[in-house]
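Good morning, and thank you for joining this meeting. I would like to walk you through a structure that may be new to you, beginning with the general picture and then turning to a few chosen sites.

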Amino acid sequence: MPQKDINNRFEELYKMYFRKIYNYVYYLSQDKNVAEEICEDTFTKTYEYLRVSSAVIENMHAWLFKCARNAYINYCRIHRRYVSNEIALSHLVESDNKLDDEIEFKKIIKTIDTKLTPSIYKEVLILKYKFELSNEEVASALDISTDNARQICKRALDKLKKII
Amino acid sequence: MKIKQVFKKLPSIKPNKEFENRLYYKIISGYDGGLKSINNFRFLKYLIFSLSLNLIFLIIIYIFQATHISLDLNTKENFIQLNNNKLATNYSVKINTMFSDEVILPTYKMESDDLISVTLPPGYYYAEIVGRDGDSTRTPLWVSSLI
């Protein structure tokens, strides 16, 4: 692919997915610096992939999430003493002034944080409902089978219904 | 409140706009040719590395030149000729006997193309050559009595 086309394709992807990936990593890490670092890693790899590989990625959306997740796991492995791999959502609500009045919402988020375990339940639901990934995309992003992703999602929803 | 809504309602965090733009241009320019390209950067690294190696090599040669004087030993006449045929200047040379440290030729400053001749009885001597940086090297000299 000519360099110009690669750059155009990358620009398109960057505009479309940067914020989603940034938010996803921020949800995972609860740290803006980590989110920036992982985004840099993810998009650098993406650009390199576009430049070097002739193979077309079928689902870029899922591929980017997978890439970001793997980069984050590596980051956690390296900095395991300092970074938690548990997803916490409460701080998102607290940090947003607009949502301060929405007591019910805050309560639900706190319940999700404390009672919805293991962490993969939260991750699947975030990917599916917040970032609007299909079951196949969730499976691809988490490196599991589609059936497994569907099952985790179902279990997570069942558990949530019970605890809310 | 529905579960889907709860997750949809999760606030989106706005990334630092400057970072967002900077990262885009960093990635693009990092691969897009020019001096910032990774390949060119590698080439530059190798270039700097080889140039610095060359420079070190030149410095070593220069230091060697600065302390080296070619010594011509003429055994027939029993004298030593010291010929400063190198480019460097400001040497000083001293010739002593090897074992008793008797000074044969006191410190003698040499400029480029200088030639000194010292007639000596057979024996072992050394020439102490002091470079401009104060480092000295000793070169053994032997005047034979056989011829």
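Let me begin with helix α1 of chain A, which covers residues 3–29. Within this helix, A:K15 and A:E11 are four residues apart, about one turn of the helix. Their side chains form a salt bridge, with an N to O distance of 3.0 Å. Please keep in mind throughout that this is a predicted model.

How exposed are the two partners? A:K15 has a relative accessible area of 64%, and since the exposed class starts over 50%, A:K15 is exposed. A:E11, at 27%, is partly exposed.

Now to the general picture of chain A. It contains eight helices and zero strands. Read along the sequence, the pattern is therefore a run of α elements, α-α-α-α-α-α-α-α. Of the 164 residues in chain A, 47% are buried. As for contacts in chain A between residues at least 6 apart in sequence, 63% of them join residues at least 24 apart.

Let us return to helix α1 and ask how it meets another helix. At what angle do α1(A) and α3(A) pack? The angle is about 45°, and the axes lie 10 Å apart. Helix α3 of chain A comprises residues 60–78. With that angle, α1(A) is oblique to α3(A). The crossing of these two helices is right-handed. On the α1(A) side, the residues that make the contact include A:R9, A:L13, A:Y17, A:I21 and A:L28. On the α3(A) side, they include A:M60, A:L64, A:F65, A:A68 and A:Y72.

I turn next to the other salt bridges. Over all chains, the count comes to 11. One of the pairs is A:E136 with A:R150, whose side chains meet at 3.8 Å, N to O. This pair links distant parts of the chain, for A:E136 lies in helix α7 (residues 135–142) of chain A, whereas A:R150 lies in helix α8 (residues 146–163) of chain A, and the two are 14 residues apart. Both partners are partly exposed: A:E136 has a relative accessible area of 45%, and A:R150 has one of 40%. The pair also belongs to a network of salt bridges, in which A:E136, A:D147 and A:R150 are linked.

Helix α8 of chain A holds a further example, in which A:K154 and A:D158 are four residues apart, about one turn of the helix. The closest N and O atoms of this salt bridge are 3.4 Å apart. Here A:K154 counts as exposed at 53% relative accessibility, while A:D158, at 33%, counts as partly exposed.

Let me now move from charged pairs to a residue in a loop. Is A:L116 buried or exposed? At 0% relative accessibility, A:L116 is buried, because the buried class covers values under 20%. A:L116 is found in the loop between α5 (103–115) and α6 (119–130) of chain A. Leaving aside residues up to four places away in sequence, A:L116 touches several others, among them A:Y121, A:L125, A:A156, A:L160 and A:I163. In addition, the C-alpha atoms of A:L116 and A:L157 are separated by 9.6 Å, although these residues are 41 apart along the chain.

A second chain also enters the account. B:E20 has its place in helix α2 (residues 17–31) of chain B. B:E20 is buried, with a relative accessible area of 9%. Which residues does B:E20 touch, not counting those up to four places away in sequence? They are A:Y14, A:F18, A:R19 and B:P15.

Finally, a word on cysteines. A disulfide is a covalent bond between the sulfur atoms of two cysteines. How many disulfides does a search of the whole structure find? The search finds zero over all chains. Among the cysteines, A:C67 is buried, with a relative accessible area of 10%. A:C153 also counts as buried, at 4% relative accessibility.

To close, I would draw your attention to two points. Chain A has eight helices and zero strands, and two of these helices, α1(A) and α3(A), cross in a right-handed manner. Thank you for your attention.

Technical notes: Residues numbered from 1 in each chain as written. Chains lettered and ligands numbered in written order. Predicted model: local features only at pLDDT ≥ 70, side-chain atom pairs only at ≥ 80, totals over all residues. Heavy atoms only, no water. Disulfide = S-S within 2.5 Å. Buried < 20%, exposed > 50% of the residue type's maximum accessible area, 1.4 Å probe, protein only. Salt bridge = Lys/Arg side-chain N within 4 Å of Asp/Glu carboxyl O. Contact = heavy atoms within 4.5 Å. Axes fitted to C-alpha atoms, helices over the stretch in contact; angles between N-to-C directions. Parallel < 35°, antiparallel > 145°, perpendicular 65-115°, else oblique. Left-handed = near helix turned anticlockwise from the far one by under 90°.
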